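Reader: I would like a close look at a single strand pairing. Start with the residues that face each other, then work outward to the sheet, the domains and the ligand. Keep it brisk.

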Amino acid sequence: MIALRGLTKEFPGGVRAIDALDLEIGDGEFFALLGPSGCGKTTLLRTIAGLETPTSGRIEIGGVDVTGSPPGRRDVAMVFQDYALFPHMDVTANIAYPLRIKKVPRAERVAKAAETASRLSLSELLDRRPAQLSGGQQQRVALARAVACRPKAFLFDEPLSNLDARLRLEARTFLKRLQRELGVTTVFVTHDQSEALALADRIAVMSAGRISQLGTPSEVFRRPATTFVASFIGSTPMNLLPGVAEDGVLRVGEAELPLPDGVPDGEILYGLRPEYAELTTREPGEKGAFRGKVAVVENLGTAHLVTLECTGHLLQVVVPEGAEPPPGAAAWAVPRPGRALLYRDD
Ligand code: ADP
Ligand code: MG
């Protein structure tokens, strides 16, 4: 288990990269730290690893306070975005390096490296140097180096971001399976919401050194706590439309949407995921639909993203393959019951 208590890291010049963070990561958990560039992800990971000294607060790993311990004493393995392999060493030596630091005898080191390499499908490549490997192979060597020393935790800093799109998906599945097999607590840093949703047991969405929301992938997807989280999560951006609540009805442009009980009057941001509306070209009988004209149809592969031009705003809806209306058609978007999110100012 990893626990962070009031952790703060301030760089000279007053940049607060981590701001009084409290967080507990469970034993064996796959935990994702998700956020835009510059929000403090790398700093947080480096602080857990002992590569940065916190300005204040504490770090516990496995119930032991390691705040003052050097990196070597923390028993965690970090995988960096650029892999940080040693260019002059072959694959065996790279994988065995942490074992050499731990003064494991040479024969045992080589055996461990070979065993780990086989698990990561690297057995054919043991004599090669990093420059003779593809990006995906280098990435697996970096993983193997982390796995070989059987750490208490893996710390991954965007380990898939240097792979091309297809390889990234393969490597993602591979990483998930490996983590399941080994059961090692994992902190995975990424700016890619789809990676976090796909891999993690829980996600912390970060913004400016703080946690905006902590939850399971389905919690942060279905119930984003703030408009920041709402606009950050999801493969298509959430519709966020300004509306006015009055007497139990929300007016968004021309649309009149029923509100749940107890919503006070006033300005509201109406949030609706493009996946959570049906599109129809026949006027629906019930109230609470958005009427508009199809402005753009984008092919997503197995679905289409339709942009509806309504009076005063644009609304995007994901439509199943084959059901997309032609551009220019009149259409209605009917929100699925219970799926809309209402936000006041964050
Ligand atoms: P992320 O990994 O989420 O992109 P970082 O942790 O790299 O974010 O950076 C968080 C903030 O801390 C940024 O504003 C960055 O400029 C600042 N920062 C990071 N490292 C240093 C450093 N060594 N010295 C000064 N500022 C830094
Ligand atoms: Mg970073």
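Author: V296 stands opposite T307 in β17. This is a predicted model, so read each pairing as part of a prediction. The two strands here are β16, residues 290-299, and β17, residues 303-310. They run antiparallel, and 7 bridges join them. In a regular strand, side chains alternate between the two faces of the sheet.

Now widen the view. β16 and β17 belong to an open sheet of 5 strands. Its order is β15-β19-β16-β17-β18, and the pairing is antiparallel. That order places β16 between β19 and β17, and β17 between β16 and β18. What stands at the edges? β15 (277-280) and β18 (313-320) do. Each has a single partner strand, so one side of each is left without a neighbour in the sheet. From one strand to the next, the twist averages 40°.

Next, the domains. The protein is divided in two: domain 1 spans 2-232 and domain 2 spans 239-343. V296 and T307 therefore fall within the bounds of domain 2, which come from a domain assignment. Taken over C-alpha atoms, the centres of the two domains are 39 Å apart. How many residues make the contact? Domain 1 gives 4 and domain 2 gives 5. On the side of domain 1 that touches domain 2, there are 2 nonpolar and 2 polar residues, with no charged ones.

Cross over to domain 1. An unreviewed UniProt entry carries the annotation "domain: ABC transporter" for residues 2-233. That span is 37% helix and 26% strand. Its end C-alpha atoms lie 25 Å apart.

There is a strand pairing to examine here too. β1 and β2 pair in the antiparallel sense over 7 bridges. They form a hairpin, with 3 residues between them. G13 sits in the turn and has a positive phi of about 100°. Who faces whom? E10 stands opposite R16 in β2. L7 has L21 of β2 as its bridge partner.

β1 also pairs with β4. Here 5 bridges join β1 (residues 2-11) to β4 (residues 56-61), and the strands run antiparallel. I2 has I61 as its bridge partner in β4. The open sheet that results has 4 strands, in the order β2-β1-β4-β5, with antiparallel pairing. β2 and β5 (64-65) stand at the edges with a single partner strand each, so one side of each has no neighbour in the sheet.

β2 leads on to the ligand. Around ligand 1 are F11, V15, A17, G35, S37, G38, C39, G40, K41, T42 and T43. Two elements give two or more residues to this shell: β2 (15-25) and α1 (41-49). The largest share, 3 residues, comes from α1. How do the shell residues divide by class? The split is 4 nonpolar, 6 polar and 1 charged.

Back to the starting point. V296 and T307 face each other across β16 and β17, in the sheet of 5 strands.

Notes:
Residues numbered from 1 in each chain as written. Chains lettered and ligands numbered in written order. Predicted model: local features only at pLDDT ≥ 70, side-chain atom pairs only at ≥ 80, totals over all residues. Near = placed C-beta within 6 Å. Nonpolar A, V, L, I, M, F, W, Y, C, P; charged D, E, K, R; others polar. Pairing = 2+ DSSP bridges. Axes fitted to C-alpha atoms, helices over the stretch in contact; angles between N-to-C directions. Contact = placed C-beta atoms within 7 Å. UniProt positions renumbered as here; feature names shortened; annotations may be inferred.
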